[in-house]
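Grab a pencil and try a few exercises on the fold shown here. Each one sets a task and then works through it step by step.

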Amino acid sequence: MSNVIISPSILSADFANLERDIKLVEDAGADWIHVDVMDGHFVPNITIGVPVVKSIKKIAKIPLDVHLMIENPEKYIKPFADAGADILTFHYEAVQDVKSVIDLIKSFNVKAGVSIKPKTSPDEVLEYLKYLDLLLVMTVEPGFGGQSFMGDCAEKIPVIKRHAPENLIIQVDGGINAETAKICTNYGANSLVAGNYIYKSDNIKSAIQSLR
Ligand code: DX5
Ligand code: ZN
C-alpha cells in the first residue's frame with residue numbers, strides 16, 4: 001500500500017467522451033482528476049476553461065485538481081472555485097503577489113497550490129510552503145502532454161521536502177510513467193500527475209497501480 005495521490009490528466013482523454021474517460025480512471029482507482037487549463041499566453045497552447053470544469057464537477061466523484069497555466073490567475077480564482085475546483089494550482093511565474101493569490105484561493109475553502117516551471121529554482125518558493133497545501137514541480141515545460149520527463153527537475157523535490165511542513169503535498173507533472181514515478185517518489189513526491197501514460201495504456205487499472 002502507498003499513500004501516493006494519483007491524478008490522471010484529462011488532457012490525454014478524449015474530449016468528446018470526457019464523462020466516459022473520467023469514469024474510466026475513477027473505476028481504475030484514481031484519487032483526483034487533473035484538469036489542465038491553458039490560455040495561449042502563459043503557455044502556447046489553449047485547452048479548457050471554467051464551463052468545462054463546471055460540467056465535469058457534476059459527474060466526477062473524486063476531487064478536481066485544477067492546474068492553471070494562465071496569466072493573471074487571480075482574475076479566475078473565484079470563477080474556478082465556483083465551478084467546483086477542489087484544488088487550485090497557479091504558476092509562481094504568472095503572478096506578482098504570490099501570498100495574496102494563495103489567500104484568495106483559501107478564502108473560497110479551496111486547497112491552494114503553487115507550481116514551478118523547469119527553469120524556476122525551488123529556493124524562490126520556500127517562503128510560501130507554510131501557506132500551501134500543494135507544491136507542483138513541473139517535470140516538463142508546461143503546455144503539452146506527452147513530453148519527456150526532465151530528470152534534473154526532479155532534483156528540486158528533496159529541496160522542497162527539506163523545507164516543507166509535514167502535510168505539504170509535493171506533486172510532479174510531466175512525463176510521468178512507472179519508471180519516472182519511482183524516481184520522484186524516492187525523492188519525496190507524494191502526488192503524481194500522468195496523462196499519456198494512463199490514457200494511452202491498454203490497461204488503465206494496471207497503469208495506475210504501477211505508479212503507486
Ligand atoms: C503539461 C500538463 C500536464 C500534462 C501531462 O503542461 O500540465 O498535466 O497533461 O501529460 P503527460 O503525463 O502525458 O506528460
Ligand atoms: Zn498539469
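Before we start, a few ground rules: contact means heavy atoms within 4.5 Å. Helices (H or I, at least four residues) and strands (E, at least two) are DSSP runs, numbered from the N terminus. Axes are lines fitted to C-alpha atoms, for helices over the stretch in contact, and angles run from 0 to 180 degrees between N-to-C directions.

This is a predicted model, where local features need pLDDT of at least 70, side-chain atom pairs count only at pLDDT 80 or more, and totals for chains, interfaces and linings use all residues. Residues are numbered from 1 along each chain as its sequence is written, and side-chain values use heavy atoms, with hydrogens and water left out.

**Exercise 1. Work out the strand order of the sheet and find its edges.**

Step 1. Pairing comes first: two strands pair if DSSP finds at least two bridges between them.

Step 2. Follow the partners across and you get an open sheet of eight strands, in the order β1-β8-β7-β6-β5-β4-β3-β2, with parallel pairing.

Step 3. Now the edges: β1 (5-8) and β2 (33-38) each have a single partner strand, so one side of each has no neighbour in the sheet.

Step 4. From one strand to the next, the twist averages 20°.

**Exercise 2. Zoom in on β4 and β5, and find the helix that lies across them.**

Step 1. Residues 87-91 make up β4 and residues 111-116 make up β5; the two pair in the parallel sense over five bridges.

Step 2. For a landmark, look for Thr-89, which stands opposite Gly-113 in β5.

Step 3. The helix you want is α4 (residues 98-107), which lies across β4 and β5 and runs at about 145° to β5.

**Exercise 3. Which residues have the most contacts inside the largest nonpolar core?**

Step 1. Get the terms straight. A nonpolar core is a set of buried Ala, Val, Leu, Ile, Met, Phe, Trp, Tyr and Cys residues joined through side-chain atoms within 4.5 Å. Buried means under 20% relative accessible area, exposed over 50%, and partly exposed in between (1.4 Å probe, protein chains only).

Step 2. The largest core has 63 residues, and Ile-10 and Leu-88 have the most contacts inside it.

Step 3. Apart from that core lies another, of eight residues, among them Trp-32, Ile-87, Leu-134 and Ile-169.

Step 4. Take a closer look at Leu-88, which lies in strand β4. With a relative accessible area of 0%, Leu-88 is buried.

Step 5. Skip residues up to four places away in sequence, and the residues Leu-88 touches include Val-66, Phe-80, Ile-105 and Gly-113.

Step 6. As background, nonpolar side chains tend to be buried together in soluble globular proteins.

**Exercise 4. Find the buried side of helix α1.**

Step 1. Pick out the buried residues of α1 (residues 18-27): they are Leu-18, Asp-21, Ile-22, Val-25 and Glu-26.

Step 2. Check how they spread around the axis. They cover an arc of only 140° (taken from the directions from the helix axis to the C-beta atoms), so they sit on the same side of α1.

Step 3. See what covers them: the list includes β1, β2, α2 (50-59), α8 (196-199) and α9 (204-211).

Step 4. Just after α1, spot Gly-29, which takes a positive phi of about 100°.

**Exercise 5. How many salt bridges are there, and which residues does a shared network join?**

Step 1. Here's the rule: a salt bridge is a side-chain nitrogen of Lys or Arg within 4 Å of a carboxyl oxygen of Asp or Glu. That gives a count of nine.

Step 2. Start at Arg-20, whose side chain meets that of Asp-14 in a salt bridge at 3.8 Å, N to O. Arg-20 also has a salt bridge with Asp-21, at 2.9 Å, N to O.

Step 3. Check exposure: Arg-20 is partly exposed at 47% relative accessibility, Asp-14 is partly exposed at 31%, and Asp-21 is buried at 4%.

Step 4. Move to helix α3 (residues 77-83), where Lys-78 and Asp-82 lie four residues apart, about one turn of the helix. Their closest N and O atoms are 2.7 Å apart, in a salt bridge. Lys-78 is partly exposed, with a relative accessible area of 44%, while Asp-82 is exposed at 51%.

Step 5. Back to the network: salt bridges that share partners join Asp-14, Arg-20 and Asp-21 into one.

Terms used:
Chains are lettered from A and ligands numbered from 1 in the order in which they are written.
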